[in-house]
Amino acid sequence: FSGDLSRAEKDAAVTRFRDEVDVLLSTGSGGEGRNLQFANCVINFDLPWNPMRLEQRVGRVHRIGQSREVFVFNFCQAGTIEEQLLRVLHDKVNMFELVIGEMDAILGSLPETGDFADIVLQLWISGRRSGAPQKAFDELGEMLLAAKRHYLGTKKLDEELFQRYFEV
């Protein structure tokens, strides 16, 4: 499954995956616009630096209509920027325990401006120059943790203020 397929070819690939074959190998284009809730496993070989893209990939499988537990495996090489980023997202933010969409709200309340991938790249470069990439990513983790706390506080306030409007 890749971006150079026509719409009909993409539809056929998804249908074949659902009905005939056990594995769908996809480029990044597979993370957009397709419902794959008939599957229950996502294996990421090439991690995107932006956690929203990672969340989007998982969201193709873990969505309304999913009746099975979803398994996500993220592969990365030791000592790389991907390993550092995955550690921060897993250990500090508990990204994979968040509800789909919450990561966007957390990233939106970061004090840093600019694209998240650019922030990560600059941290990696500055961390390598100073000889402390782990420290740079720990600082990113603390920023994300503070942003998560801010988001959760806002979410709690919203629930308290608007609870009666959402009760059935």
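The following exercises, each with a worked solution, concern a predicted model of one protein chain.

Residues are numbered from 1 along each chain as its sequence is written. In this predicted model, local features need pLDDT of at least 70, side-chain atom pairs count only at pLDDT 80 or more, and totals for chains, interfaces and linings use all residues, while side-chain values use heavy atoms, with hydrogens and water left out.

**Exercise 1. Confidence and overall layout**

State the mean pLDDT of the protein chain, and give the pattern of its secondary structure along the sequence.

Solution. Begin with the confidence. pLDDT is the predictor's confidence in each residue, from 0 to 100. Its mean for the protein chain is 80, and 88% of the residues reach 70 or more. Helix α1 (residues 7-19) has the highest confidence, at a mean of 92, and helix α4 (residues 102-108) the lowest, at 74.

Next, turn to the elements. Helices (H or I, at least four residues) and strands (E, at least two) are DSSP runs, numbered from the N terminus. The chain has 6 helices and 2 strands, in the order α-β-α-β-α-α-α-α.

**Exercise 2. The strands and helix α2**

Determine in which sense β1 and β2 pair, and explain why α2 is described as largely enclosed.

Solution. First, consider the pairing. Two strands pair if DSSP finds at least two bridges between them. β1 and β2 have 4 bridges and run in the parallel sense; Val42 stands opposite Val72 in β2.

Second, examine the faces of β1. In a regular strand the side chains alternate between the two faces of the sheet. Buried means under 20% relative accessible area, exposed over 50%, and partly exposed in between (1.4 Å probe, protein chains only). In β1, Val42 and Asn44 point to one face and are buried, whereas Cys41 and Ile43 point to the other and are not.

Third, add the helix. Together, β1, α2 and β2 make a right-handed β-α-β unit; right-handed means that, with the strands pointing away from the viewer, the path from the first strand over the helix to the second runs clockwise. Because 8 of the 11 residues of α2 are buried, this helix is largely enclosed by the rest of the structure. Among the buried residues are Leu54, Val58 and Val61.

**Exercise 3. An aromatic pair**

Classify the pair formed by Phe45 and Phe75, and explain which parts it ties together.

Solution. Start from the criterion: rings of Phe, Tyr and Trp (its six-membered ring) pair if their centres lie within 6.5 Å; planes under 30 degrees apart count as stacked, over 60 as edge-to-face and the rest as tilted. The whole structure contains 2 aromatic pairs. In one of them, Phe45 and Phe75 are 5.3 Å apart, centre to centre, with 15 degrees between the planes, and the pair is stacked.

Then locate the residues. Phe45 lies in the loop between β1 (41-44) and α2 (51-61) and Phe75 in the loop between β2 (71-74) and α3 (81-92), so the pair ties together parts that are 30 residues apart in sequence. Phe45 counts as exposed, at 61% relative accessibility, and Phe75 as partly exposed, at 43%.

**Exercise 4. The nonpolar cores**

Identify which element gives the most residues to the largest nonpolar core.

Solution. A nonpolar core is a set of buried Ala, Val, Leu, Ile, Met, Phe, Trp, Tyr and Cys residues joined through side-chain atoms within 4.5 Å. The largest has 20 residues, and Leu85 and Phe116 are among those with the most contacts inside it. Elements giving two or more residues are α3, α4, α5 (116-130) and α6 (133-166). The answer is α6, with 6 residues. Another core, of 8 residues, lies apart and includes Phe17 and Leu36.
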